[in-house]
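Have a look at the model below. Follow the chain from one end to the other before reading on.

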Amino acid sequence: MRDALDVARLKVGPLSHYRYPVWQPLVWLALLSLAAALGAGKFKASLPQRLLFFGILDLISCILSTLWLMGWLRILDRRPFEGTLFPLIVLAATPQLLQPVVAMLPDDAGLVATVLLTLYGLVVLVRAVAVATVHRPALIAAGLLAYLPVALLLYGLAVNIATSLGWLPAPTGTPE
């Protein structure tokens, strides 16, 4: 918990500091998924369904971004990446805990808060990976920019699945 708060406050240590038993980042990720499920007000699914959906989505997202960034760093360093970024990437997602609070805001304020929370989450992720791996933040940001098509594809797939299950309203202008 202390490491999660430190990372969220942009206080990051070397990558070797973020070695945990496998279950610890998974439990933290489950807590983050709970926050996402509680903050998903437009979902017409039950809480257990939302927990399962966001749990799987968050796990896939963290695994993909971990693999992508480790591959990116391998290319930058021209040598195999030692260790794993997974626990650090899970910790860097800690701002997601604020999603239920953001979901309670009125529409316009909620949209602004969502954008700000997303930007803050990106800053936390870039800073955490840059400091822990001793790389310039611009190089990590470039890696995340290169990852953007994969992230958008995953998001689109998640929205399509949720829509097909009837958990999200169909987009306007399409037959139901």
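This report goes from the whole chain to its helices, and then to single residues in the loops.

## The whole chain

The model is predicted. Its secondary structure comes to 7 helices and 0 strands. From the N terminus on, the elements run α-α-α-α-α-α-α. The radius of gyration is 17 Å, close to the 16 Å that the globule rule gives for 176 residues, so the protein is as compact as a globular protein of that length. Along its principal axes, the C-alpha trace spans about 50 × 30 × 30 Å.

How much of the protein is buried? Buried residues make up 38% of the 176 residues. The accessible surface comes to about 10600 Å², and 70% of that area belongs to carbon and sulfur atoms. Take the contacts with a separation of 6 or more: residues 24 or more positions apart account for 68% of them.

The protein has 12 positive and 8 negative charges. The mean positions of these two groups are 8 Å apart.

## Three helices

Here are three of the helices, with their spans.

| Helix | Residues in helix | End-to-end C-alpha distance | Expected at 1.5 Å a residue |
|---|---|---|---|
| α2 (23–38) | 16 residues | 22 Å | 22 Å |
| α3 (47–77) | 31 residues | 44 Å | 45 Å |
| α6 (107–133) | 27 residues | 39 Å | 39 Å |

For α2, the end C-alpha atoms are 22 Å apart, which agrees with the expected span. In α3, the reach of 44 Å is close to the expected 45 Å.

Why do residues at certain spacings share a side of a helix? An α-helix has 3.6 residues a turn, so residues three or four places apart point the same way. Keep that in mind for the lists below.

Start with α2. Its buried residues are Pro25, Trp28, Leu29, Leu32, Ser33, Ala35, Ala36 and Ala37. They pack against α1 (2–8), α3, α4 and α5 (99–103).

Next comes α3. Its buried residues include Phe53, Phe54, Leu69, Met70 and Leu73. Arg50 and Asp58 are also buried in this helix. The partners of the buried residues of α3 are α2, α4, α6 and α7.

Then look at α6. Among its buried residues are Gly110, Ala113, Leu117, Gly121, Val124 and Thr133. The buried residues of α6 pack against α1, α3, α4, α5 and α7 (137–164).

## One residue of α6

Is Thr133 buried or exposed? Thr133 has a relative accessible area of 13%, so it is buried, as the cut-off is under 20%. Its place is in helix α6. Which residues does Thr133 touch, leaving aside its neighbours within four places in sequence? Thr133 is in contact with Leu15, Leu73, Phe81, Leu85 and Ile140. Of these, Leu73 is one of the buried residues of α3.

## Loops and turns of the backbone

Now to phi, a backbone angle. Most residues other than glycine have a negative phi, and most peptide bonds are trans. Some residues here have a positive phi.

Leu10 has a positive phi of about 70°, although it is not a glycine. This residue lies in the loop between α1 and α2. Leu10 counts as partly exposed because its relative accessibility is 28%.

Arg78 follows α3, and its phi is positive, near 55°. Arg78 is found in the loop between α3 and α4. At 76% relative accessibility, Arg78 counts as exposed.

Val134 comes just after α6 and takes a positive phi of about 60°.

Two more loop residues complete the tour. Gly83 lies in the loop between α3 and α4 (86–92). At 45% relative accessibility, Gly83 counts as partly exposed. How far apart are Gly83 and Val134 in space? From C-alpha to C-alpha they are 14 Å apart, with their places 51 residues apart in sequence.

Arg136 lies in the loop between α6 and α7. Its relative accessible area is 55%, so Arg136 is exposed. The C-alpha atoms of Arg136 and Ala4 are separated by 22 Å, and these residues are 132 residues apart along the chain.

How values were computed:
Residues numbered from 1 in each chain as written. Predicted model: local features only at pLDDT ≥ 70, side-chain atom pairs only at ≥ 80, totals over all residues. Heavy atoms only, no water. Helix = DSSP H or I, 4+ residues; strand = E, 2+ residues; numbered from the N terminus. Buried < 20%, exposed > 50% of the residue type's maximum accessible area, 1.4 Å probe, protein only. Expected span 1.5 Å × (residues − 1). Contact = heavy atoms within 4.5 Å. Rg over C-alpha atoms; globule rule 2.2 N^0.38 Å. Areas by Shrake-Rupley, 256 points an atom, 1.4 Å probe, with all protein chains shown as cover. Lys, Arg positive; Asp, Glu negative; His and termini not counted. Charge placed at Lys NZ, Arg CZ, Asp CG, Glu CD.
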